[in-house]
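Here are some friendly notes to read with the structure open beside you. They go residue by residue, so feel free to click along.

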Amino acid sequence: MYRQFLALQRASRRMISSSACRQVENKVPQNQKLFQEDNGLPVHLKGGTKDALLYRCTMVLTVVGTGYFFYSLIDVAFPKKN
């Protein structure tokens, strides 16, 4: 068991140390410029189509969940007569 652990530890070290370092472009200044621009949009919609789609899906799920909550509440409050 201990040998397997050591072998796994050595293999993971080898994979981590042999991986090449990538330089990632800093996109923070571009995003700051985009979100600070005064274009009349709320900040939660300034990201574009993806943000608008996420916002609409969230609103639909909220309305559906609220409706189902009230349906369940009424169903429990007024049980069906047999």
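The points below take up a handful of residues and their surroundings.

1. A word on the source before the details: this is a predicted model. The values that follow are all computed from its atoms, so please read them in that light.

2. Let me start with L8, which sits in helix 1. With a relative accessibility of 60%, L8 counts as exposed, because the cut-off for that class is over 50%. L8 and N39 are 31 residues apart in sequence, and their C-alpha atoms are 54 Å apart in space.

3. Next comes R22, placed in the loop between helix 1 (2-18) and helix 2. R22 has 74% relative accessibility and counts as exposed. Taking K33 as a partner for distance, the two are eleven residues apart in sequence and 25 Å apart from C-alpha to C-alpha.

4. F35 is worth a look from two sides. F35 belongs to helix 2, which covers residues 28-36, and at 34% relative accessibility this residue is partly exposed. Together with L34 and V43, F35 makes a nonpolar surface patch of about 250 Å². Its backbone oxygen also has a visitor: the side chain of K46 reaches the backbone oxygen of F35 at 3.1 Å.

5. That brings us to K46 itself, in the loop between helix 2 and helix 3. Is K46 buried or exposed? K46 is buried, and yet has no salt bridge. The nearest side chain of opposite charge belongs to D38, 5.8 Å away, whereas a salt bridge needs the side-chain nitrogen within 4 Å of a carboxyl oxygen. If you inspect one side chain by eye, you might make it this one, keeping in mind its contact with the backbone oxygen of F35 at 3.1 Å.

6. Helix 3 spans residues 49-77, and T58 lies in it. The relative accessible area of T58 is 42%, so this residue falls in the partly exposed class, between the 20% and 50% limits. Which backbone oxygen does the side chain of T58 reach? The backbone oxygen of L54, at 2.7 Å. Looking further afield, T58 and Q32 are 26 residues apart along the chain, with 25 Å between their C-alpha atoms.

7. Finally, the aromatic rings. A pair of such rings is described by the distance of the centres and the angle of the planes. How many aromatic pairs does the count come to? The count comes to two aromatic pairs. F69 and F70 form an edge-to-face pair, 5.2 Å from centre to centre and with 65 degrees between the planes. The edge-to-face label applies because the angle is over 60 degrees. F69 is partly exposed at 47% relative accessibility, and F70 is likewise partly exposed, with a relative accessible area of 46%.

Notes
Residues numbered from 1 in each chain as written. Predicted model: local features only at pLDDT ≥ 70, side-chain atom pairs only at ≥ 80, totals over all residues. Heavy atoms only, no water. Helix = DSSP H or I, 4+ residues; strand = E, 2+ residues; numbered from the N terminus. Buried < 20%, exposed > 50% of the residue type's maximum accessible area, 1.4 Å probe, protein only. Polar contact = N/O pair within 3.5 Å; in protein donor to acceptor, adjacent residues only side chain to side chain. Patch = residues over 30% accessible without salt bridge, like charges linked within 9 Å, V, L, I, M, F, W, Y side chains within 5 Å. Areas by Shrake-Rupley, 256 points an atom, 1.4 Å probe, with all protein chains shown as cover. Phe/Tyr/Trp six-rings, centres within 6.5 Å; stacked < 30°, edge-to-face > 60°. Lys, Arg positive; Asp, Glu negative; His and termini not counted.
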